[in-house]
Amino acid sequence: MYNGIINIYKEKGFTSFDVVAKLRGILHQRKIGHTGTLDPEAEGVLPVCLGNGTGLCALLTDRDKEYEAVMRLGITTDTQDMTGTVLREHPVAVSEGELQRAIQSFVGAYDQIPPMYSALKQNGQKLYELARRGIVVDRPARRVTIHEIQVLRVALPLVTMRVRCSKGTYIRTLCEDIGNVLGCGGCMESLLRTSVAQFTLENAYRLRDVEQAAADGRLDDLIAGADTLFPDYRKVRPADAAAERGLANGNRLSATQLGIAAEWVCMPEYQFVRVYGTDGRFMAVYGLEPDCASGSMYKPVKMFLPE
């Protein structure tokens, strides 16, 4: 079984589930999970977790993301992108200053109402299933954070933006919200996800690349270890056989058992550590229990035991 993370470039026309299904066929294993849905017409970075790396799915979903989006002003649709039915059209007569002020007003935290055409559930039903039946329900706003918006190109009615944002942000909705502030409406023309955490377009593989690597026996070259997500955590190993057995069982371990000197324990870089077995395999992330002066005990935060 393959364990770790493979950074896939999701192409247009594929759902995130399609990518997982195709990888299951290529890798011949079931334990695979993606790290955040991309719409079928969107493309770009989609880290996929394999084997014991599936424990990272929620963690990667929570990480900040970056997108390059093209917003079309003057058109409002039911899906908030150009795949939907046009609801309203308005002339676009805005100055560059008005455009910049409207866009930058969304930087920071704001309450965003999720779109009806989304996979979120309400009362056990996916919103997009209700929307396809013509049912619109009230959705509570969710607090999201836009860290940065950089305007790359303006060729009205099209505006290309780079957006760095928190989890849960719908870029489609952001485009519509900006259009509403400008008074002309707006929707998303296209979307490219350029990064999730340290996974970027530059190190993403298309499904055909993965198929070729499988045929050539090179799949391991494409898979990043789960430990690559924790580069700032110090690397430690069990001090003896008893500590190694405790690690394998997911037990609490003392700083001494992890080979951590007493004077290092309260240092910030030792609050969380990457724990490896004596054979060099990454096994777990451990975190220091709150009172580091009382016993200096570490507890498992996430285990990555061999499958």
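I began by fixing a term: two rings of Phe, Tyr or Trp count as a pair if their centres lie within 6.5 Å. I also noted for myself that the model I am reading is predicted.

**Entry on aromatic rings.** I searched the whole structure for such pairs, and the search returned eight of them. I looked up phenylalanine 106 and tyrosine 110, which form an edge-to-face pair with 5.1 Å from centre to centre and 75° between the planes, and I found both of these residues buried. I then turned to phenylalanine 230 and tyrosine 233, whose centres are 5.5 Å apart and whose planes meet at 20°, so I recorded this pair as stacked, since planes under 30 degrees apart count that way. Phenylalanine 230 is buried, with a relative accessible area of 7%, whereas tyrosine 233 is partly exposed at 25%. Both belong to one aromatic cluster, which I wrote down as Phe230, Tyr233, Phe272, Tyr276, Phe282 and Phe304.

**Entry on charges over rings.** I checked Tyr276 of that cluster again and found lysine 235 lying over the face of its ring, 4.6 Å from the ring centre. I also looked at tyrosine 9, where the charged end of arginine 206 sits over the ring at 4.1 Å from the centre.

**Entry on two helices.** I followed the axes of helix 3 (residues 96-104) and helix 5 (residues 171-182), which come within 9 Å and cross at roughly 130°, and that angle makes helix 3 oblique to helix 5. I noted the crossing as right-handed. On the side of helix 3 the contact is made by Glu98, Leu99, Ala102 and Ile103, and on the side of helix 5 by Ile178, Val181 and Leu182.

Notes: Residues numbered from 1 in each chain as written. Predicted model: local features only at pLDDT ≥ 70, side-chain atom pairs only at ≥ 80, totals over all residues. Heavy atoms only, no water. Phe/Tyr/Trp six-rings, centres within 6.5 Å; stacked < 30°, edge-to-face > 60°. Buried < 20%, exposed > 50% of the residue type's maximum accessible area, 1.4 Å probe, protein only. Lys NZ or Arg CZ within 6 Å of the ring centre and 35° of its normal. Axes fitted to C-alpha atoms, helices over the stretch in contact; angles between N-to-C directions. Helix = DSSP H or I, 4+ residues; strand = E, 2+ residues; numbered from the N terminus. Parallel < 35°, antiparallel > 145°, perpendicular 65-115°, else oblique. Left-handed = near helix turned anticlockwise from the far one by under 90°. Contact = heavy atoms within 4.5 Å.
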